[in-house]
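Okay, thanks everyone, let me pull this one up on the screen. I'd like to talk about charged side chains today.

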Amino acid sequence: MAGIPCQVAVASEFRYRRHVVPEGTLFVTISQSGETADTLAALRDTGGKDYVGRLAICNVDGSSLVRESELVFLTKAGPEIGVASTKAFTTQLTGLMMLVLALVDKEMPVVAVAPNDQLLEKLKSNLQEVRARGGELYVFADKNAHVKEGEGIHVLNMPAVPESIAPIVYTVPLQLLSYHVAVLRGTDVDQPRNLAKSVTVE
């Protein structure tokens with residue numbers, strides 16, 4: 001539907017096959033509970049391979065699958081009482097459909113960081129792709145990066161700093177953005193859910 005190649009693998013068989021990962025591949029797992037053993041094993045087997053990211057489509061926030069994936073799409077079907085419940089299955093199908101119906105649209109705000117470094121031109125190309133799909137851009141940009149404001153592009157100019165300290169300088173406004181978004185959503189910014197202060201498992 002999206003014109004993008006897709007390969008489907010049964011999780012229990014995934015570990016026993018040799019995989020050649022094409023450039024730009026996203027690894028997607030699907031599990032209602034987020035604790036399905038073979039799905040977790042498949043996810044863990046992707047470590048060190050050249051995926052651009054690992055996306056979990058899951059119903060349980062805070063589950064192992066969710067915690068161990070960089071990207072999460074929660075189906076929010078509510079507690080599953082019966083195994084293979086209709087609501088869990090249909091929300092998974094709906095989630096996959098929403099993923100296919102390409103990902104970026106006018107309802108999706110995209111935050112980007114644009115320091116003036118060797119990847120700037122590539123980043124600008126990515127920003128243009130987001131705008132072409134209608135995404136609303138919020139760009140924290142080095143003032144010498146010459147990222148221009150326009151329709152759907154909101155630029156917050158940052159001071160020109162050496163590349164070595166740029167991560168420190170850019171962290172401050174990003175943390176402030178996270179703080180204010182959390183407050184607007186009514187979440188507890190001091191005690192986020194499902195966040196441990198120390199690693200207690202291997």
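So, to start: is Lys49 buried, exposed or partly exposed? Before I answer, a word on what we're looking at: this is a predicted model, so local features need pLDDT of at least 70 and side-chain atom pairs count only at pLDDT 80 or more, while totals for chains, interfaces and linings use all residues. Residues are numbered from 1 along each chain as its sequence is written, and side-chain values use heavy atoms, with hydrogens and water left out.

Right, Lys49: partly exposed, with a relative accessible area of 30%. Here buried means under 20% relative accessible area, exposed means over 50%, and partly exposed is in between, using a 1.4 Å probe and protein chains only. Its partner in a salt bridge is Asp45, with the closest N and O atoms 3.8 Å apart. By salt bridge I mean a side-chain nitrogen of Lys or Arg within 4 Å of a carboxyl oxygen of Asp or Glu. Asp45 comes out partly exposed too, at 26%.

How many salt bridges are there in the whole structure? The search finds 5. Another one joins Glu13 and Arg17, at 2.9 Å from N to O. Glu13 is partly exposed at 37% relative accessibility, and Arg17 is partly exposed at 46%.

Then there's Glu121 with Lys124, a salt bridge at 3.9 Å, N to O. These two sit 3 residues apart in helix 5 (residues 120-132), so about one helical turn separates them; helices here are DSSP runs of H or I, at least four residues, numbered from the N terminus. Glu121 counts as exposed, at 56% relative accessibility.
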